[in-house]
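These are my notebook entries on one structure. I record what I looked up, entry by entry.

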Amino acid sequence: MPARKASTTELFADPDVASEKVSSAATLEVLQQEVAGCTLCDELAAKRTQTVFGVGDPNARLCFMGEAPGADEDRLGEPFVGRAGQLLTKIIQACKLTRDDVYILNVLKCRPPGNRNPTPTESANCKQYLRRQLELVDPEFICCLGAVAAQNLLETTETIGRLRGRVHQYRGINVVCTYHPAYLLRNPSAKKDCWDDMKMLMAKMGVEL
Ligand code: URA
């Protein structure tokens, strides 16, 4: 019998990258346990206090998606609980919602040491979890917070300034992009643009402000 031809994916696959895989976890709880035991990224797995999975309504219409846990999130095991998280909570409240009404998650489930940006390999490794997490929550809307989240989800290199202000699509889900709350803390003048993005998002969702 002739030997099976290797697929293009197999030929070019980086053995350290699991980007083509999608977890088959049947529930968010099972997926969370899978993530907690993940060691795909040596450095992140060795240095994390714990993985940071997601929080909020598992059936939410709206997900807020950030980049990766910071020091506070790594310590407490919940996304967006530090200073940037407090600003995100205020943004959510300004939309007449609470953190319990939405689902909050990050591209990466482990803290990159020193809060550096995720490497392409780390993002690719975590993608199987992100994809399954979004399949399980099945939101109608995703709000990407900052360039890393937006570029990762939409697989683009466009800047956040160009991505914001319009609705994109990810696997049938409406995606809006805005500035990361940590950026807003450093650049308060960008808060107006963020609020414009939130007003557009709420209008699309049919939420009256
Ligand atoms: N920044 C992020 O992108 N995510 C967090 O969870 C906290 C800060």
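I took a cavity to be a set of grid points where a 1.4 Å probe fits but cannot get out, and I counted a residue as lining when it has an atom within 4 Å of such a point. The model I worked from is predicted.

**Entry 1: enclosed space.** I searched the whole structure and found 1 cavity of 30 Å³ or more. I noted about 100 Å³ of space in the largest cavity. I then listed its lining, which comprises 15 residues; those nearest the centre are C38, C41, R48, C110 and C126.

I next asked which helices each supply at least two residues of this lining. They are α3 (42-47) and α6 (120-137). The largest share, 4 residues, comes from α6. By class, I recorded 10 nonpolar, 2 polar and 3 charged residues in the lining of the largest cavity.

**Entry 2: R99.** I located R99 in the loop that runs between α5 (83-94) and β3 (103-106). Is R99 buried or exposed? Its relative accessible area is 18%, and because the limit for a buried residue is under 20%, I entered R99 as buried.

I then followed the side chain of R99 and found that it reaches the backbone oxygen of P79 at 2.9 Å. Leaving aside residues up to four places away in sequence, I listed the contacts of R99 as V55, G56, E78, P79, F80, V81, G85, T89, I92 and I104.

**Entry 3: the ligand.** I looked up what surrounds the ligand and wrote down G66, E67, A68, E73, P79, F80, N106 and H180. P79 and F80 appear in this list and are also touched by R99.

I recorded three polar distances to the ligand. A nitrogen atom of the ligand lies 3.1 Å from a polar backbone atom of A68. For N106, I noted a polar side-chain atom 2.8 Å from a nitrogen atom of the ligand. For H180, an N or O atom of the side chain is 2.8 Å from an oxygen atom of the ligand.

**Entry 4: Q32.** I placed Q32 in helix α2, residues 28-36. Its relative accessibility is 36%, and I classed Q32 as partly exposed because that class lies between 20% and 50%. I also checked Q32 against Y129: the two are 97 residues apart along the chain, and their C-alpha atoms are separated by 8.8 Å.

Conventions:
Residues are numbered from 1 along each chain as its sequence is written. This is a predicted model: local features need pLDDT of at least 70, side-chain atom pairs count only at pLDDT 80 or more; totals for chains, interfaces and linings use all residues. Side-chain values use heavy atoms; hydrogens and water are left out. On a 1 Å grid over the protein atoms alone, a cavity is a set of points where a 1.4 Å probe fits but cannot get out, and a pocket is an open set with protein on both sides within 12 Å along at least five of seven lines; lining residues have an atom within 4 Å of a point. Grid points are joined across faces, edges and corners, and a volume is the space filled by probe spheres set on the points. Ala, Val, Leu, Ile, Met, Phe, Trp, Tyr, Cys and Pro count as nonpolar, Asp, Glu, Lys and Arg as charged, and the others, Gly among them, as polar. Buried means under 20% relative accessible area, exposed over 50%, partly exposed in between (1.4 Å probe, protein chains only). A polar contact is a pair of N or O atoms within 3.5 Å; within protein, one must be able to donate a hydrogen and the other to accept it, and residues adjacent in sequence count only if both atoms are side-chain atoms. Contact means heavy atoms within 4.5 Å. A residue is near a molecule or strand if one of its heavy atoms lies within 4 Å of it.
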